[in-house]
Amino acid sequence: MTDVRAALLHSLTRWVTDELLEGEGDDLRADTPLLELGVLNSFEVGRMLAFLEREHGVRVPPAAIGPANLATLDAICDMIVALRAAAP
């Protein structure tokens, strides 16, 4: 894992723990199924996308917003890394 991806994963994990799990994220792992467990829903996805844009400068296009890219913290990080690599 690159340092950039590791920092992104740490930041996203902290945000999910603080904002969505009210500080109760001790069991949260990079492969925790966020959608399946109901941690992310349509409202929370919107909040998370705003966080990613504000804190990491990444705007996620609508075409990238889907279950495969939002299933886990790992999947979200992979999406962000790919979007950054594709940016001009």
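**Exercise 1.** What percentage of the 88 residues in the protein chain do buried residues make up?

*Solution.* Start with the source: this is a predicted model. Next, apply the cut-off: buried means under 20% relative accessible area. Buried residues then make up 38% of the 88 residues.

**Exercise 2.** Work out the pattern of helices and strands along the protein chain.

*Solution.* First, count the elements. The chain has four helices and zero strands. Then read along the sequence. The pattern is α-α-α-α.

**Exercise 3.** Compare the radius of gyration of the protein chain with that of a compact globule.

*Solution.* Take the expected value first. With 88 residues, a compact globule would have a radius of gyration near 12 Å. Now take the chain itself: its value is 12 Å, which agrees. For the extent, use the C-alpha trace. Along its principal axes this trace spans about 40 × 25 × 20 Å.

**Exercise 4.** Describe the surface and the charges of the protein chain.

*Solution.* Begin with area. The accessible surface comes to about 5,300 Å². Carbon and sulfur atoms hold 53% of that surface. Then count charges. There are 7 positive and 14 negative side chains. The centres of these two sets lie 6 Å apart.

**Exercise 5.** Is Glu22 buried or exposed? Locate this residue and describe its backbone too.

*Solution.* Locate the residue: Glu22 is in the loop between helix H1 (3–20) and helix H2 (42–56). Check the backbone: Glu22 has a positive phi of about 50 degrees, although it is not a glycine. Now the cut-off: exposed means over 50% relative accessible area. Glu22 has 70%, so it is exposed.

Conventions. Residues are numbered from 1 along each chain as its sequence is written. This is a predicted model: local features need pLDDT of at least 70, side-chain atom pairs count only at pLDDT 80 or more; totals for chains, interfaces and linings use all residues. Side-chain values use heavy atoms; hydrogens and water are left out. Helices (H or I, at least four residues) and strands (E, at least two) are DSSP runs, numbered from the N terminus. The radius of gyration is taken over C-alpha atoms; the globule rule is 2.2 Å times the number of residues to the power 0.38. Buried means under 20% relative accessible area, exposed over 50%, partly exposed in between (1.4 Å probe, protein chains only). Accessible areas come from the Shrake-Rupley method with a 1.4 Å probe; for residues, only the protein chains shown count as cover. Lys and Arg count as positive and Asp and Glu as negative; His and the chain ends are not counted. The place of a charge is taken as NZ of Lys, CZ of Arg, CG of Asp or CD of Glu.
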